[in-house]
Amino acid sequence: MNEELKAVEALLEKLIEFSVAYGFQLLGAVIVLLIGLKIASWIGGKVSGLCLKKELDQTLSLFIGNIVKIVIIAFVIIITLGNFGISTAPLIALAGASAFGATLALQGPLSNYGAGLSIILARPFTVGDTIIVKGGSGVVHEVKLAHTQLIGEDKELITIPNKSIVGEVITNSHSSTIVETRIPVPHTEDIDKAIAILGKVMETDPDVPKSPSPQVGVHDFTYGGVIIGLRYWVPSQQYFQKRYRINTALLSALKHENITLLAMRDAALDPLVPSADLEEQS
């Protein structure tokens, strides 16, 4: 029993000696680490804000701010370890070897980060642009190193790995999307009058931008009449909402002037309508 008590007393003495010798040093290192993390976050935020004031892209600004933050945190950790007399050279070598092994094991996921860096630097699109790319289409919500997130018109979140974007054909219409409508009109109607009516609706509609101006004209010819084509731009987030409302206005204007539409059964030779679908409709 006496030997156990002596062992406990010796352990307590060692703990007290360690606390006295290194307690304040440990406390100081923790305080330095916490202050360093706060300063790193603050400086990273300031750098991002400065980049945004200089009208840099939002994604690129956030990326630069995060890089600055990570560099400062790395220096703070090195300083903290140095206070304990720990040499950082072996740790750096170990980190390099670990990074090499991780690169071989995670080639697939890491390729997304490389592709994300390419997107951030090259900026084929920015937050708020409307893009069509392999895997989906929508308004760019956020560009991260691993993936890009799009928002569809129905507010669905579409996440695309960046490696599926780089190297693909990207259609960027910025904040708008083009609407292409085709209206079949029989040859017995005044085609010029119908085009003028549709053009007036497009010109006076507040949701149709004046630049680029809407286009209305004969798109194609079909059996028994012609196909009038319309092209105009609408906000991407309201594509179907605007298209349906404008289509209703176009139809009402034609009815008001007693201009009829070409029946589908009369458009049997229309190259735009598959013959199988026509047979089902008739």
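Phe240 counts as partly exposed, because its relative accessibility is 42%, and in this talk buried means under 20% relative accessible area, exposed means over 50%, and partly exposed lies in between, with a 1.4 Å probe and protein chains only. I should say at once that this is a predicted model, in which local features need pLDDT of at least 70 and side-chain atom pairs count only at pLDDT 80 or more, while totals for chains, interfaces and linings use all residues. Residues are numbered from 1 along each chain as its sequence is written, and side-chain values use heavy atoms, with hydrogens and water left out.

Let me stay with the aromatic rings for a moment. A pair of aromatic rings is described by the distance of the centres and the angle of the planes. Rings of Phe, Tyr and Trp (for Trp, its six-membered ring) pair if their centres lie within 6.5 Å, and planes under 30 degrees apart count as stacked, over 60 as edge-to-face and the rest as tilted. Searching the whole structure gives 2 aromatic pairs. In one of them, Tyr239 and Phe240 have ring centres 4.9 Å apart and planes at 90°, so this pair is edge-to-face. Phe240 also pairs with Tyr244, with centres 5.9 Å apart and planes at 50°, so that pair is tilted. Tyr239, Phe240 and Tyr244 are thus linked by ring pairs into a cluster. Within this cluster Tyr239 is buried, at a relative accessible area of 16%, whereas Tyr244 is exposed, at 51%.

Phe240 and Tyr244 both belong to helix H6, where they are 4 residues apart, about one turn of the helix. Helices (H or I, at least four residues) and strands (E, at least two) are DSSP runs, numbered from the N terminus, and the protein has 7 helices and 8 strands.

Which helix axis comes within 10 Å of the axis of H6? It is that of helix H5, residues 191-204, and the axes of H5 and H6 (residues 239-256) cross at roughly 140°; here axes are lines fitted to C-alpha atoms, for helices over the stretch in contact, and angles run from 0 to 180 degrees between N-to-C directions. That angle makes H5 oblique to H6, since angles under 35 degrees count as roughly parallel, over 145 as roughly antiparallel, 65 to 115 as roughly perpendicular and the rest as oblique. Ala194, Ile197, Leu198, Val201 and Met202 of H5 make the contact with Ile246, Ala249, Leu250, Ala253 and Leu254 of H6, where contact means heavy atoms within 4.5 Å.

Leu198 and Leu254 appear again around Ile183, a residue of strand S6 (residues 176-186). Leaving aside neighbours within four places in sequence, Ile183 is in contact with Leu198, Val226, Ile227, Ile228, Leu230, Leu254 and Leu261. Ile183 counts as buried, at 9% relative accessibility, and its C-alpha atom is separated by 6.4 Å from that of Gly229, 46 residues apart along the chain.

Finally, a few backbone details. The peptide bond from Ser211 to Pro212 is cis, with omega near -5°, and Pro212 lies in the loop between H5 and strand S7 (215-222). Asn258, although not a glycine, has a positive phi near 60°; Asn258 sits in the loop between H6 and helix H7 (275-281), and is exposed, with a relative accessible area of 63%.
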